[in-house]
Amino acid sequence: MGGFTASGINVTTVTTTQQSPLGFELTRESQDKGLSVWLYVYNDEPATAFAVGDVIGRDPTGIPDYKAVVSTGAIITGLVLGVAQHAIAAGSYGFILKSGIGSVKVDAATTLGGGLIADALAGTATDGAAGDFTFGTAFAAGAGTVDARLYCVG
């Protein structure tokens with residue numbers, strides 16, 4: 001199990017210097033929503049900040065580290081690390097939500113209770129087909145940012 005809030009670092013802390021080991025997990029209670037697990041990553045995008053709701057994954061070339069990128073349809077569900085819940089500038093370190101309830105960007109095809117996979121549109125999720133391995137379940141339908149239960153394994 002990962003660290004707890006006594007770790008001395010807040011999930012909203014974003015810095016250009018590494019403050020914790022990449023891949024460090026921080027577990028927190030989330031105001032009547034149960035436990036959430038946050039994952040410490042490096043934004044490896046050359047010029048793109050992670051925005052609230054962006055689906056974040058490992059580099060699709062298969063590099064086994066926590067240098068993260070905004071997902072596209074090329075990132076399979078097993079490589080989704082989590083979802084950004086606040087901005088993390090390009091070249092910066094910060095936490096993304098790995099599991100628990102949070103906000104995720106979805107496309108118009110998303111349905112209430114739909115299992116989520118990475119969409120072709122960067123940073124966005126969409127409903128998976130029957131039998132797909134998913135990383136979350138949407139609590140609302142339609143395009144935009146919706147609440148979802150996340151369970152990323154990336």
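Biologist: Quick one on I56. Buried or exposed?
Modeller: I56 is buried in this predicted model. Its relative accessible area is 0%, and buried means under 20%.

Biologist: Where does I56 sit?
Modeller: I56 is in strand β4, which covers residues 55–58.

Biologist: And which residues does I56 touch, sequence neighbours aside?
Modeller: Leaving out neighbours within four places in sequence, I56 contacts F50, A68, V69, V70, S71, V80, L81, G82, A84 and I96.

Biologist: How far apart are I56 and K98?
Modeller: In sequence, 42 residues. In space, C-alpha to C-alpha, 9.6 Å.

Biologist: You listed S71 there. Where is S71?
Modeller: S71 is in the loop between β5 and β6, with β6 at residues 80–83. S71 is buried, at 0% relative accessible area.

Biologist: What does S71 touch?
Modeller: Beyond four places in sequence, S71 touches V55, I56 and G57. The list also includes A118, L121, A122, G123 and T124.

Biologist: V70 was on the I56 list too. Which strand holds V70?
Modeller: V70 lies in β5. V70 is buried, with a relative accessible area of 12%. Buried means under 20%, so V70 makes the cut.

Biologist: What contacts does V70 make?
Modeller: Neighbours within four places aside, V70 is in contact with E45, T48, F50, D54, V55, I56, I75, A122 and G123. As for A84, its C-alpha is 9.4 Å from that of V70, and the two are 14 residues apart in sequence.

Biologist: How do β4 and β5 run, parallel or antiparallel?
Modeller: Antiparallel, joined by three bridges. In that pairing, G57 stands opposite V69 in β5.

Biologist: And β3 with β5, parallel or antiparallel?
Modeller: Parallel, over two bridges. Y42 stands opposite K67 in β5.

Biologist: Switching to P60. Where is it?
Modeller: P60 is in the loop between β4 and β5, the latter being residues 67–70. P60 counts as partly exposed, at 43% relative accessibility. The class runs between 20% and 50%, so 43% falls inside.

Biologist: What does P60 touch?
Modeller: V69, A74, I75 and L79, not counting residues up to four places away in sequence. P60 and G73 are 13 residues apart in sequence and 10.0 Å apart C-alpha to C-alpha.

Biologist: Aromatics next. How many aromatic pairs are there?
Modeller: A search of the whole structure finds four. One of them is Y42 with Y93, which is tilted. The ring centres are 4.8 Å apart, with 50° between the planes.

Biologist: Which parts does the Y42 and Y93 pair tie together?
Modeller: Y42 lies in β3 and Y93 in β7, so the pair links parts that are 51 residues apart in sequence. Y93 is buried, with a relative accessible area of 14%.

Biologist: Which residues form the aromatic cluster?
Modeller: F24, Y40, Y42, Y93 and F95 form one cluster. Y40 also appears in the contacts of S20, which touches I9 and Y40 once residues up to four places away are set aside.

Biologist: Where is S20?
Modeller: In the loop between β1, residues 3–4, and β2. S20 is buried, with 10% relative accessible area.

Biologist: How are β2 and β3 joined?
Modeller: By five bridges, running antiparallel. R28 has S36 in β3 as its bridge partner. The two strands form a hairpin with five residues between them. In the turn, D32 has a positive phi of about 65°.

Biologist: Last topic, the largest pocket. What lines it?
Modeller: R28, E29, S30, Q31, K33, S36, W38, Q85, L97, I101 and G102. R28 and S36 are the bridge partners from before. The pocket holds about 220 Å³ of space.

Biologist: Which strand gives the most to the lining?
Modeller: β7, with three residues. β2 (25–29), β3 (35–43) and β7 (93–106) each supply at least two.

Biologist: How many nonpolar, polar and charged residues are in the lining?
Modeller: Three nonpolar, five polar and three charged.

Note on methods. Residues numbered from 1 in each chain as written. Predicted model: local features only at pLDDT ≥ 70, side-chain atom pairs only at ≥ 80, totals over all residues. Heavy atoms only, no water. 1 Å grid on protein atoms, 1.4 Å probe; cavity = no way out; pocket = protein on both sides within 12 Å on 5 of 7 lines; lining within 4 Å. Points joined across faces, edges and corners; volume = space filled by probe spheres on them. Helix = DSSP H or I, 4+ residues; strand = E, 2+ residues; numbered from the N terminus. Nonpolar A, V, L, I, M, F, W, Y, C, P; charged D, E, K, R; others polar. Buried < 20%, exposed > 50% of the residue type's maximum accessible area, 1.4 Å probe, protein only. Contact = heavy atoms within 4.5 Å. Pairing = 2+ DSSP bridges. Phe/Tyr/Trp six-rings, centres within 6.5 Å; stacked < 30°, edge-to-face > 60°.
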